[in-house]
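Open the model in your viewer and keep the selection tool at hand. Each stop below tells you what to select and what to look for there.

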Amino acid sequence: MTDVLVVKVVAPEENDNDPEMKGWLLKWTNYLKGYQKRWFVLSKGVLSYYRNQAEMNHTCRGTISLHGALIHTVDSCTFVVSNGGTQTFHIKTANEVERQSWVTALELAKVKAIRAMESEEEEEKETLHVVPSQEITAVVRDLTERLESLRTCYDLITKHGVALQGALAELKSMNIMSSDEDTIVGRIKIVNERATLFRITSNAMINACNDYLRSAESQGHKWSKALQHERENRERLEEIVEQLAKQHTQLEQAAHRVQQNKLAMNAQQVLEIDCGTVVSDDEIEFFDAEDDKVVCQNSDDVHDEAAFILKMGDTKQQQTQTSSSSTSSFSSEVDDNAHKLHAYALNDKAHVDSPDPNSPKGTGHGKTTGSPGSSTDNSSTAGGNFGASQNSEISISSGSGAGGTGDPRRPGGGEATPASNSRQAIRKRRTRVPDKPNYPLNLWSIMKNCIGKELSKIPMPVNFNEPLSMLQRLTEDYEYAELLDRAAECMDECEQLAYVAAFSISAYSTTTTRTGKPFNPLLGETFECDRTDDLGWRCIAEQVSHHPPMAATFCEGRNWICWQEFTMTSKFRGKYLQIIPLGAAYVLFPKTNHKYTWHKVTTTVNNIIVGKLWVDQHGDTEIVGLSSSAGIKCVLKYIPYSYFSRETQRRVKGVVIDRSDKVKWVIRGTWDSQIEIAKVRSTSGPPDSPEYETGQYKTIWERRMPSSDSEKYYSFSILAAQLNEIEEGVAPTDSRNRPDQRLMEEGKWDESNHEKLRLEEKQREKRKQREEEAEAAASRGEPFPPYQPVWFSQQREEGTDNIVHIHTGDYWEHKKRQDWSKCPDIF
């Protein structure tokens, strides 16, 4: 055995807080891993083990109390410690000497634990049969009787003291010269009797006080021990609950990995078999792609035509082979997987702002046939894939519907697409953030003092955060802004509203794995995200209020404008945390003056204390048309998660209703995966349970899954990883410049916590200063202006009495001039 075992023995009289023995030992785990190195600690009659020494302050992997344990030697280096069935430790040492030292220490600790338990049992032997309520009554009765004895002694002392004083006064007033001897002797005798009674009563009083004190001390010691016992039980229960939560999390992660491996194997089989029949490997030069999402599908699998075209360079011979015979033998499950992967590949095509009119035509486009109700043109030029070669181009088209074959843009990327000579070069952006460090934290010790409090008033360490602010998290809503680009092209306003509904649903797609809390923005904090070069939109957000916390965002796309005011209320009840958004979101399509508004649904974070955190969205919401689109609406229902439902979880369903209250489109899917829509042909059945006959469903949105190792860096998507990337020229109040957030991203969590406290204290001081100025102005009878945001102003919403924050429109001009004189000092 090559492991060096460290053993330290500490005498109990030297330091009762130090462990009696500790060191590295080998513990049997299972038949796969065998013996594993663990850190064992023997202290206060309990044998515990940890994976390493750092876990001693927060996580215990297992314990055995030695007062009833069995200690058995197996061989020269192995021994077993068991408590009778629930816990058994098979332990191996480096040599026989180490084994003997541990066994001896365990036996001595067992004897000591038994002796301590026996002494406790002897002390409480008389009251073991008494239930706690009866025991309390008996103790109170005993103390009350002793207190009555004290009162009786006090009354007697008072009575005899008065009599003694009277006798002394009579003796003092006598004239000794004129009194006879018998009278004087009689008076002295009376005084002596009174003094004796007073002394006896005083002694009785002293004895009664001593009895009361002894009884109170004995009962106090007993209840103090009971209180300490209950405290130790609570701490032990907390450790067990935490241990169970960690084991539960590990089991969930293992099950998730198994499921992902199965899905990956199915997808790989589809890729190998389907795509292997398209073109021979000898004729194609392959290049690395970001995701394995290119799938070839037989045209027989869908109602419309589908094409898979490879455009090669001049030196390569083009070759296309059909695959109708190879796909016919697939099971329905494989066909479904292929169809989903095919749609995923369609949604992953790179976007081209304006195709070059001089570029070759015809060979780079696939034929598309629109489904009924479709109104958008879906022919687009591919070639924007990251790392694509200039000598090859891949174009994929499908007949699953015009809306489903648009041109979603994946965030990030480095080089400009070769399909357009006039396209502006795209900035090279990062695709991930540094890995999340593994800093242990006792969750229960923090959460138990926060139950019933409002979320914004709970001081949280950065261990619960992710290195993004709420302003950046709101900007993530536009990750799938290509849905609004497609909506702007729709001629049918009801279909347009269906795309807007899909966009509102896509904002929740990252919440399934993102359980970290964003940083609360400071008052006046801003965030800009200018992605016009690759994604076609730019956004500005600002924290416009502190009490209540409120943020305002404004985003401009190619043919749409979107803005929202976000505030929320929250409820924390120990097991779960509910976040209820209160603000509204708006989108406007200037070409048609179609305007829509909606509210976000309730978000619930479950398993706050025990188990793995998971997020659910639930509730009903309406997307209502305004201005020229007034009268139409979309009703969406987010179905809450249920352990007893056999249907797909995280489902969303809804309908688009026109001005005559007729359902025109049906929406279905899941908010964490994909959304499908279908045009309604006819409606039947009762009004409370209608049935809709629809055309073919088309997938208009599919989630772009994060990297397989994204759990290492907060489960960030590519866009999320790019939000906090350092940029030159942004405002000094930008979230990228926030020091505590930057330190957390860099893994310096202790420094980040200190900076977080400093910034919060600075914000409180500023708020206190404004309150004092307001009080001083009020005392002088002068008006005091309220806080005014820098880049937003409060305006009355058109057609309503609501006051909302609207962008002033001058942020980007100030950025162009680098004029930040209006920005406050918040960092």
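Start with K748, in the loop that runs between α11 (739–745) and α12 (749–779). The model is predicted. K748 has a relative accessible area of 39%, so this lysine counts as partly exposed. Now add P437 to the selection. The two residues sit 311 positions apart in sequence. Their C-alpha atoms, though, are 8.8 Å apart in space.

Next, select R514. You will find R514 in the loop linking α9 to β12 (517–519). Is R514 buried or exposed? Its relative accessibility is 3%, and buried means under 20%, so R514 counts as buried. Show the side chains of E466 and E476 as well. The R514 side chain makes a polar contact of 3.0 Å with that of E466. A polar contact of 2.6 Å links the R514 side chain to that of E476. Now widen the view around R514, setting aside neighbours within four places in sequence. Besides those two glutamates, R514 is in contact with L468, R473, V615, Y714, S715, F716 and A720.

Step back along the chain to α9, residues 493–506. Which core does this helix serve? The largest nonpolar core has 64 residues, and α9 gives the most to it, with nine residues. To see the residues with the most contacts inside this core, select Y478, V500, W537, W560, I623, L636 and I667. In soluble globular proteins, nonpolar side chains tend to be buried together.

Stay with L636 and display its surroundings. Leaving out residues up to four places away in sequence, L636 touches A501, S504 and I505, among others. Its contacts also include G619, D620, T621 and I623. Further ones are V652, K653, G654 and I667. Another core, of 19 residues, lies apart from the largest one. To find it, select L47, Y49, F79 and I91, which are among its members.

Then go to strands β6 (residues 70–73) and β7 (residues 78–82). How do β6 and β7 pair? They run in the antiparallel sense, over four bridges. A hairpin of four residues joins β6 to β7. Pick I71 to check the register: its bridge partner in β7 is V81.

Finish at helix α8, residues 482–489. Colour E482, L483, L484, D485, R486 and A487, the buried residues of α8. Why is α8 largely enclosed by the rest of the structure? Six of its eight residues are buried, so the helix is largely enclosed.

Notes:
Residues are numbered from 1 along each chain as its sequence is written. This is a predicted model: local features need pLDDT of at least 70, side-chain atom pairs count only at pLDDT 80 or more; totals for chains, interfaces and linings use all residues. Side-chain values use heavy atoms; hydrogens and water are left out. Buried means under 20% relative accessible area, exposed over 50%, partly exposed in between (1.4 Å probe, protein chains only). Helices (H or I, at least four residues) and strands (E, at least two) are DSSP runs, numbered from the N terminus. Two strands pair if DSSP finds at least two bridges between them. A nonpolar core is a set of buried Ala, Val, Leu, Ile, Met, Phe, Trp, Tyr and Cys residues joined through side-chain atoms within 4.5 Å. Contact means heavy atoms within 4.5 Å. A polar contact is a pair of N or O atoms within 3.5 Å; within protein, one must be able to donate a hydrogen and the other to accept it, and residues adjacent in sequence count only if both atoms are side-chain atoms.
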